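Subject: Structure handover

Dear colleague,

I am passing on the structure we spoke about, so that you can have it open while you read. My notes on what was found in it follow below.

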Amino acid sequence: MDEKYMEKALELAAMGIGKVNPNPLVGAVIVKNGQIIGEGYHECYGEAHAERNAVKNAVEPVEGSTIYVTLEPCAHYGKTPPCVDLIIEKKFKRVVIGMLDPNELVSGKSIEKLKEHGIEVEVGVKEEECKKLNEIFIKYITSKIPFVVLKSAISLDGKIATYSGESKWITSKESREDAQNLRNRLSSIMVGVNTVIADDPFLTCRVNNEKRLIRIVLDTNLRIPLDSKLVKNNDKLTIVATTLSSSEEKKQSLRDLGVKVIEVSKKNDRVNLKELVKSLGQEGVDSILIEGGGTLNFSALEEDIVDKAIFYIAPKILGGENSKSCIAGMGFSKLDDAVNLKNLSYRKIGEDLVVEGYIRHS
């Protein structure tokens with residue numbers, strides 16, 4: 001029964017996707033006499049946590065009941081008071097927790113406090129599922145470095161465009177809709193300046209009331225047009241990442257237009273990606289979706305900043321030596337240097353195949 005109720009709490013937690021970053025996704029279920037009497041989840045960043053919403057929504061007094069929560073209740077004052085104090089105040093009998101909070105301000109402290117007040121505590125129910133749901137939060141809260149996902153829509157032979165440059169659309173409408181849900185999950189999207197020059201994209205999210213994404217443009221020599229959509233319609237959400245040696249005049253012009261400019265050193269004559277992701281983490285960016293071309297994709301893999309890769313594969317063969325590939329750059333000279341993925345999963349969307357995996361870091 002513990003697993004059954006934790007599964008329900010996980011379903012509730014997932015309802016907060018795209019709305020709580022950089023906070024964790026948390027769901028809570030209150031059970032009394034074998035019946036669910038209250039449910040809640042963390043609905044929006046800065047607002048009430050799952051436990052408080054579950055107590056608020058309870059249809060009868062919660063004293064003596066069990067609360068199932070996907071993440072260890074908070075024990076510190078942030079934007080809301082500690083949830084562990086509420087659980088003690090409301091005299092819960094038992095607390096079932098999916099996973100420990102990796103935040104050092106909390107980790108284990110709430111469990112100790114609950115036990116000190118005579119409340120029974122069970123930890124680790126559906127733990128792996130809870131960790132997977134909060135993989136972004138876990139990395140960011142422990143390292144202050146964003147969780148990075150590389151996504152590409154490709155043909156069966158790994159092409160992102162024909163030799164003439166046609167790329168819309170390789171994958172199906174269903175895959176493109178799924179990719180919008182992926183954008184919703186993350187807080188920012190990263191492209192190279194060549195994509196901006198060629199396509200002049202908005203880089204928006206069409207779900208979750210058109211969630212506002214932070215747009216990051218890699219632009220070593222500041223070639224971004226000042227009349228591009230990402231500059232003209234930036235809503236102070238566009239970041240241009242450039243190098244210390246690029247034009248000071250262009251940097252100032254971008255700043256005057258409300259664009260944030262981040263300067264980092266060069267690596268291989270390009271923006272130093274490892275240095276950049278650290279800077280972005282300090283700016284509060286908890287997650288990045290890379291939707292670049294082959295050059296950016298290879299650089300991200302080569303510099304080992306990617307945590308997860310997702311490939312939408314259409315049952316099409318484009319061929320052509322001059323057709324653009326999803327991974328370009330120099331490539332690796334030895335098989336031992338190849339990027340390896342682990343924990344692979346596969347699913348079908350329409351006629352397309354989606355392959356997901358985590359980068360096996362050296």
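The second largest pocket of this predicted model has a volume of about 570 Å³. Its lining is made up of 28 residues, and those that lie nearest the centre of the pocket are Asn23, Pro24, His49, His76 and Asn103. The elements that each give two or more residues to this lining are helix 2, strand 3 and helix 6 (135-143), and of these helix 6 gives the most, with 3 residues. Sorted by class, the lining of the second largest pocket holds 14 nonpolar, 8 polar and 6 charged residues.

Besides pockets, you may want to look at enclosed space, where the structure holds 1 cavity of 30 Å³ or more. The largest cavity has a volume of about 100 Å³, and among the 14 residues that line it, Asn21, Asn23, Leu25, Asn134 and Ile136 are the closest to its centre. The lining of this cavity consists of 8 nonpolar, 4 polar and 2 charged residues. Asn23 is thus a residue to select when you view either space, since it is listed near the centre of the second largest pocket and also near that of the largest cavity.

Turning to the strands, there is an open sheet of 5 strands in the order 2-1-3-4-5, and its pairing is mixed. Strand 2 (35-41) and strand 5 (120-123) stand at the edges of this sheet, and because each has a single partner strand, one side of each is left without a neighbour in the sheet. On average, and with direction ignored, neighbouring strands here are turned by 15° against each other. Strand 5 runs parallel to strand 4 (residues 94-99), to which 4 bridges join it, and within this pair Ile97 has Val123 of strand 5 as its bridge partner.

Two helices can be placed against these strands. Helix 1 (residues 2-14) packs on the sheet, where it touches strand 1 (27-32), strand 2, strand 3 and strand 4, and its direction makes about 140° with that of strand 1. Helix 2, for its part, lies across strand 1, strand 2 and strand 3, running at about 135° to strand 2.

In the loop between helix 2 (50-57) and strand 3 (66-71) you will find Gly64, which is partly exposed, with a relative accessible area of 39%. Although Gly64 and Phe92 are 28 residues apart in sequence, their C-alpha atoms are 4.9 Å apart in space. Once its neighbours within four places in sequence are left aside, Gly64 is in contact with Lys91, Phe92 and Lys93.

Further along the chain, strand 14 (residues 308-313) has 6 of its 6 residues buried, and it is therefore largely enclosed by the rest of the structure. Both of its faces are covered, with Lys308, Ile310 and Tyr312 buried on one side and Ala309, Phe311 and Ile313 buried on the other. Strand 14 pairs with strand 6 (residues 147-154) in the parallel sense over 6 bridges, whereas the 6 bridges that join strand 14 to strand 16 (residues 352-359) connect strands that run antiparallel. Ile310 takes part in both pairings, as Lys151 stands opposite Ile310 and Glu356 is the bridge partner of Ile310 in strand 16.

With best regards

Note on methods. Residues are numbered from 1 along each chain as its sequence is written. This is a predicted model: local features need pLDDT of at least 70, side-chain atom pairs count only at pLDDT 80 or more; totals for chains, interfaces and linings use all residues. Side-chain values use heavy atoms; hydrogens and water are left out. Buried means under 20% relative accessible area, exposed over 50%, partly exposed in between (1.4 Å probe, protein chains only). Contact means heavy atoms within 4.5 Å. Two strands pair if DSSP finds at least two bridges between them. Axes are lines fitted to C-alpha atoms, for helices over the stretch in contact, and angles run from 0 to 180 degrees between N-to-C directions. On a 1 Å grid over the protein atoms alone, a cavity is a set of points where a 1.4 Å probe fits but cannot get out, and a pocket is an open set with protein on both sides within 12 Å along at least five of seven lines; lining residues have an atom within 4 Å of a point. Grid points are joined across faces, edges and corners, and a volume is the space filled by probe spheres set on the points. Ala, Val, Leu, Ile, Met, Phe, Trp, Tyr, Cys and Pro count as nonpolar, Asp, Glu, Lys and Arg as charged, and the others, Gly among them, as polar.
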